[in-house]
2 protein chains.
Amino acid sequence: MAFSIKEASERLGCPAPTIRYYEKEGLLPYIQRDKHGNRQFEQEHLDWIRLMTCFRATGMKMSVLKRMVNLALDGDSTIPQRKAILNQYKEELFVRQRELAEALDAVNNKLAIYEDIEKGRVVSESAMLAQMEVQQQSIKR
Amino acid sequence: MAFSIKEASERLGCPAPTIRYYEKEGLLPYIQRDKHGNRQFEQEHLDWIRLMTCFRATGMKMSVLKRMVNLALDGDSTIPQRKAILNQYKEELFVRQRELAEALDAVNNKLAIYEDIEKGRVVSESAMLAQMEVQQQSIKR
DNA sequence: GCTTGCCTTAAAGTGCGCTTTAACGCTTAG
DNA sequence: CTAAGCGTTAAAGCGCACTTTAAGGCAAGC
């Protein structure tokens, strides 16, 4: 039960050229070919691509994915290194969470100020000044 | 009370060339020059740059920042449009929050599986297979 | 037999957000 | 007087992650 690249692409919502590119970059070892040289994706490959997509969407670089693949190819003895990579990535995720929370805070603040202006509760001296005022209130925590 | 580009750069932890680049791209209107043509940053400019940095770090594109600046320059009548942009950005922040949560889940799952392998609770058939097993467990929610 | 539709590859192109370079000017300290 | 240290500009370069293009191969249906 193997998938063509088109099927893989459809199931993953990921363009076929991108999948080929990942393989070329060494992120997808062990993909077999049929007698015509066409790639045959197994469910495990789709799962791995999905995980990579998840990690990529949250800031993991391809070079890091590649290091993980290479370590995996070297066997279980590299598990400590892989754990270290994942733990570092996890820290980055926490940083991003804080960044998101801050941005959410700032955007809510700016929205609230716009409402104030709309309801005439705040006099906006000039367009740019209004812009600036927003900062001062939303940035200083 | 104005700042030189060097002072601005130091206070913001943002390279001076980046600040110049932002001005060139129209993200920083109204920056005055002294008699030598040197930029004079006011506190409001620093605050605005800081806010832009916050938004940029969480995925807002420069083109969106530029649209907001242009709208702000057109006065209070554009506040509804600016609100719309911010509300859309807010939705994107929520998407990113979900992506982060998913990634965090997946990484914790993978870490747990590595621990299992290390403690011999799981037999890893091959390096790549181990890699794949992780996916199946961490992805299917 | 020929078009359609899938696949292949290598290589070039794209978009974004900086970052670096090069060439130059002003001002202050030694 | 000159070197250090700040500023300026336009233009080129870079890193990343794709994306597109070009040229071709195989197989099924009309």
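Chain B and chain A are in contact through 53 residues of chain B and 53 residues of chain A. The model is predicted. Between the two chains, about 5,000 Å² of area is buried. DNA strand D has 17 residues around it.

**Where chain B meets chain A**

- Carbon and sulfur atoms give 74% of the buried area between the chains.
- There are 4 salt bridges between chain B and chain A.
- One salt bridge joins the side chains of E115(B) and K83(A), at 2.7 Å from N to O.
- The interface also holds 6 residue pairs in polar contact.
- On chain B, the helices α3 (43-57), α4 (62-73), α5 (79-118) and α6 (127-139) each supply at least two residues to the side that touches chain A.
- α5(B) gives the most to that side, with 26 residues.
- By class, the side of chain B that touches chain A has 29 nonpolar, 11 polar and 13 charged residues.

**Around DNA strand D**

- Y22(A), H36(A), K6(B), R20(B) and R39(B) come nearest to DNA strand D.
- Of the strand D atoms within 4 Å of the protein, 86% belong to sugar and phosphate.
- R20(B) places a polar side-chain atom 2.7 Å from a phosphate oxygen of the strand.
- For R33(B), the distance from a polar side-chain atom to a phosphate oxygen is 3.1 Å.
- In S4(B), a side-chain N or O atom is 3.4 Å from a phosphate oxygen of strand D.
- Two elements give two or more residues to the surface near the strand: α2 (16-24) of chain A and α1 (5-12) of chain B.
- α2(A) gives the most, with 4 residues.
- The surface near DNA strand D has 6 nonpolar, 5 polar and 6 charged residues.

Notes. Residues numbered from 1 in each chain as written. Chains lettered and ligands numbered in written order. Predicted model: local features only at pLDDT ≥ 70, side-chain atom pairs only at ≥ 80, totals over all residues. Heavy atoms only, no water. Contact = heavy atoms within 4.5 Å. Buried area = accessible area lost by both parts, 1.4 Å probe. Polar contact = N/O pair within 3.5 Å; in protein donor to acceptor, adjacent residues only side chain to side chain. Nonpolar A, V, L, I, M, F, W, Y, C, P; charged D, E, K, R; others polar. Near = heavy atom within 4 Å.
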